[in-house]
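Reader: I should like a close look at a single part of this model, namely the disulfide and its surroundings. Please set that part out in connected prose and then place it in the rest of the chain.

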Amino acid sequence: MRVRTRAAIVASGVAVCVLALLAVYVVTKQFGEHLRLPLASRTCTVQADGEVVLGADQMANAATIAAIGMQRRMPERAVVVALATAYQESHLRNIAHGDRDSLGLFQQRPSQGWGTPEQVQDPRYAANKFYAALKKVKGWERMRVTDAAQRVQRSAFPEAYEKWADESEVLTRALLGHATGAVACTVSSPPTMRGPAAASAVLESLSLDWGLPRLATATDLTALTVPAGDDRNGWRYAHWLVSHADDHGVKKVRFGNLEWTAEQGSWARVKGDPVTEVRAEVFAAA
């Protein structure tokens, strides 16, 4: 009797552990980022008829997703859907794990034809694949965010994407240039990328994300200029640069009569005539 009792207790304990793990998984998928992140990881604030607070890596990924949508000439609604999807699937983090073989920002599965593991963990590639799949969904423009996302993702939690619609609309307004000085990030530690390498890398990434002609650095190798054409494009590129400040060593960004600095982590009005191109500076080589 004792042996049977102990076995029953062990079996019961295992069952409780399994149920607890299953509950954690369900809650995480269903509520995701609403289980809020520690404040220390939040280094970017976006304000555009609402407020969103993100970590540096999340902000950089959001900026790339938005830029790829515009490069593909997708409607702005598509950017909202894409951001809400990445919010739910990975919390806008380029993760190397997931359910079964799911990987990356959109938790795309190589076994389901989304690409190789290396490809789906490339934010630029992953965003392109998502938009291509969304474009094939008939009438997606008239669907709720969660319904459009679900037609692409085929998730076990089809309603989960909708809770990120408001945050995604705020990000879209800012990243697509509908607000001025709307993305403010702090650079919490000295960047690993600096000097000419940083200037070259940030211009290459900007060109690839937005589909721009290859841009050249200035003669001092730490300053760079991005032609804007109009205010909206100017703020698109300015906000993208601030979003990628942490991973590309960006020190200053100026457009119009506002300037962001890594030291302050915010935008401030500057004297003189407004500038009509985006000017930026990376940290000098150590």
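Author: The account below begins with the disulfide and then moves outward to the elements around it. The model is a predicted one, in which local features need pLDDT of at least 70 and side-chain atom pairs count only at pLDDT 80 or more, while totals for chains, interfaces and linings use all residues. Residues are numbered from 1 along each chain as its sequence is written, and side-chain values use heavy atoms, with hydrogens and water left out.

A search of the whole structure finds 1 disulfide, the term being applied to a pair of cysteine sulfur atoms within 2.5 Å. The partners are C44 and C185, whose sulfur atoms are 2.1 Å apart. The angle about the S-S bond is 115°, and the link of C44 and C185 is right-handed. Because C44 belongs to strand β1 (residues 44-47) and C185 to strand β3 (residues 183-185), the pair ties together parts that are 141 residues apart in sequence. Strands here are DSSP runs of E with at least two residues, helices are runs of H or I with at least four, and both are numbered from the N terminus. Both cysteines, C44 and C185, are buried; buried means under 20% relative accessible area, exposed over 50%, and partly exposed in between, with a 1.4 Å probe and protein chains only.

The two cysteines also face each other within a sheet, for C44 stands opposite C185 in β3. Strands β1 and β3 run antiparallel and are joined by 3 bridges, where pairing requires that DSSP find at least two bridges between two strands. The sheet that contains them is open and has 3 strands in the order β2-β1-β3, with antiparallel pairing. Since β2 (51-54) and β3 stand at the edges with a single partner strand each, one side of each is left without a neighbour in the sheet. From one strand to the next the twist averages 15°; axes are lines fitted to C-alpha atoms, for helices over the stretch in contact, and angles run from 0 to 180 degrees between N-to-C directions.

Helix α7 (residues 165-175) lies across β1, β2 and β3, and runs at about 90° to β2. In the loop between α6 (145-153) and α7 is W164, which counts as buried because its relative accessibility is 0%. The C-alpha atoms of W164 and T146 are separated by 8.9 Å, although these residues are 18 residues apart along the chain.

A further buried residue is H239, which lies in helix α9 (residues 231-243). H239 counts as buried because its relative accessibility is 0%. A polar atom of the H239 side chain lies 2.8 Å from the backbone oxygen of A174, and a polar atom of that side chain lies 3.4 Å from the backbone nitrogen of G181. Leaving aside neighbours within four places in sequence, H239 is in contact (heavy atoms within 4.5 Å) with A174, L175, A179, T180, G181, A182, V183 and W267.

The chain has another sheet, an open one of 5 strands in the order β4-β8-β5-β6-β7, with antiparallel pairing. Its edge strands are β4 and β7 (266-269), each of which pairs on one side only. Neighbouring strands of this sheet are turned by 20° against each other on average, direction ignored. Helix α8 (residues 195-210) packs on the sheet, touching β4, β5 (250-256) and β8, and its direction makes about 15° with that of β4. Helix α9 lies across β4, β5, β6, β7 and β8, running at about 165° to β5. Strand β6 (residues 258-261) and β7 run antiparallel and are joined by 4 bridges, and W260 stands opposite W267 in β7. Towards the other edge, 5 bridges join β4 to strand β8 (residues 275-282), again antiparallel, with A223 opposite E281 in β8. Strand β4 (residues 223-227) has a covered face made of L224 and V226, and an uncovered one made of A223, T225 and P227.

For the chain as a whole, the secondary structure comes to 10 helices and 8 strands. Of the 286 residues, 48% count as buried. Among contacts with a separation of 6 or more, 62% are accounted for by residues 24 or more positions apart.

Definitions and conventions:
A polar contact is a pair of N or O atoms within 3.5 Å; within protein, one must be able to donate a hydrogen and the other to accept it, and residues adjacent in sequence count only if both atoms are side-chain atoms.
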